[in-house]
Amino acid sequence: MEYRRLGKTGLRVSVLGLGCGRLGSVGQAGGDSAALRLLGHALDIGINFFDTSDIYGQGTSEKLLGQALRGRHDQVVVVTKAGFCLSGLGSVAGRLKPLLRRVLRLRPGFARSIQKVRAAQDRQDFSPGYLGKCVEGSLARLAMDALDVFLLHSPPAEVLGRGEVFETLETLRRQGKVRHYGVSCRTSADVPLCVRRAGVAVLQLELNLLTGPALDQALAQASAADVGVMARRVLAGGLLLRSAAELTPQDATTRGEDFAALKQRHEQFQAQAREKGTTLGQMALQSLLQKGEISSLLIGTTGVEHLDQHLAALGQE
């Protein structure tokens, strides 16, 4: 496994990081025991970089990580995020996970309904009091004395522009609750608002073949400020694992793009992959691996087999 420096933090992280967004979720096949098997396997194959959030699985993702990493915190780097508020409906869903999982096994399409309800309930709070409360909760669930890396979870540009939230982050760092901090950015346009803050050490960005040239400039800005970059949605939410013929207008709507333009770009990349004698997914991962400004590619999965496939695609077995 290759390891890279995470910007000014000086931390060494595996080039493949595990995105834990679905661990402990209603849709987690095999439940918590399967999640713990996946985390144990990730550790065994050399992954030392784990990305989570207080809202993933209504906090269960952090709890599972804390359980799996017990006694090994000095060997890994954990990133967690805060800023989204768990709705009352989400809290109820968290308590009903065993029942909801049984329903999903009988009616797989029910998952989309759950996702729509959750999205509709999301709201954000980046006030000092709320972020402080979130950090305390994450520390307890992860069973850590201090968070390795703490990120603001997709804050609006106006929050970043005002700047008060960075004072809150600096206070948490001085208190010893957070070792390093940064931002999980909504778009590349947020990067200049972040890197101009001296304390920002890490950024998380959506990076894949479909994100366009604006991200190259964002990577250059982060690199110039010695800010570590984590790449998320490296397979564009699974679009780069499908053929162009399988795309739907909804895929374009979700990304805020024109369907015809999205399909044309996808077809072009698909043709390039065929010419290279590889799959589109493998080419997508390899293209990011070649960018030295990226410290780690976050792969979100709930299965050991899929994780190993991604590892093989990167040539990191």
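# A tour from a helix pair to the barrel

Select R37, L38, H41 and A42 in helix α1, then V304, L307 and D308 in helix α14: these are the residues through which the two helices meet. Sorted by kind, the residues of this contact are 4 nonpolar, 1 polar and 2 charged. The model you are looking at is predicted.

Now widen the selection to the whole of both helices. Helix α1 covers residues 31–44 and helix α14 covers residues 304–313. Two packed helices are described by the angle between their axes and the distance between the axes. Here the angle is about 30 degrees and the axes are 9 Å apart. Angles under 35 degrees count as roughly parallel, so α1 is roughly parallel to α14. The crossing of α1 past α14 is right-handed.

Next, step back and show the whole chain as a cartoon. The secondary structure comes to 14 helices and 12 strands. The chain has 317 residues, and buried residues make up 50% of them. Take the contacts in the chain with a separation of 6 or more: residues 24 or more positions apart account for 74% of them.

Hide the helices and keep the strands. In the order β3-β4-β5-β8-β9-β10-β11-β12, 8 strands close into a barrel, and their pairing is parallel. On average, neighbouring strands of this sheet are turned by 30 degrees against each other, direction ignored.

Bring back one helix, α8, at residues 164–174. Helix α8 packs on the sheet and touches β8 (147–153), β9 (178–184) and β10 (200–206). The direction of α8 makes about 155 degrees with that of β9.

Zoom in on strand β3, residues 16–19. Which residues of β3 point one way, and which the other? L16 and L18 point one way, while G17 and G19 point the other way; all are buried.

Look to either side of β3 for its partners. Towards β4 (residues 49–51), 2 bridges join the strands, which run parallel. L18 has F50 as its bridge partner in β4, and G19 has D51. With β12, strand β3 pairs in the parallel sense over 4 bridges. One residue to select here is L298 in β12, the bridge partner of G17.

Move on to helix α13, residues 280–289. Why is this helix described as largely enclosed by the rest of the structure? Because 7 of its 10 residues are buried. To see them, select L280, G281, M283, A284, L285, L288 and L289. Then show what these buried residues pack against: β1 (3–5), α12 (259–276), β12 (296–300) and α14. Helix α14 is the partner of α1 from the start of the tour, and β12 is one of the strands of the barrel.

The last stop is E62, in helix α2 (residues 60–68). Is E62 buried or exposed? Its relative accessibility is 0%, so E62 counts as buried. Show the residues in contact with E62, leaving aside its neighbours within four places in sequence: T52, S53, D54, T80, S138, R141 and L142.

Notes
Residues numbered from 1 in each chain as written. Predicted model: local features only at pLDDT ≥ 70, side-chain atom pairs only at ≥ 80, totals over all residues. Heavy atoms only, no water. Pairing = 2+ DSSP bridges. Axes fitted to C-alpha atoms, helices over the stretch in contact; angles between N-to-C directions. Contact = heavy atoms within 4.5 Å. Parallel < 35°, antiparallel > 145°, perpendicular 65-115°, else oblique. Left-handed = near helix turned anticlockwise from the far one by under 90°. Nonpolar A, V, L, I, M, F, W, Y, C, P; charged D, E, K, R; others polar. Buried < 20%, exposed > 50% of the residue type's maximum accessible area, 1.4 Å probe, protein only.
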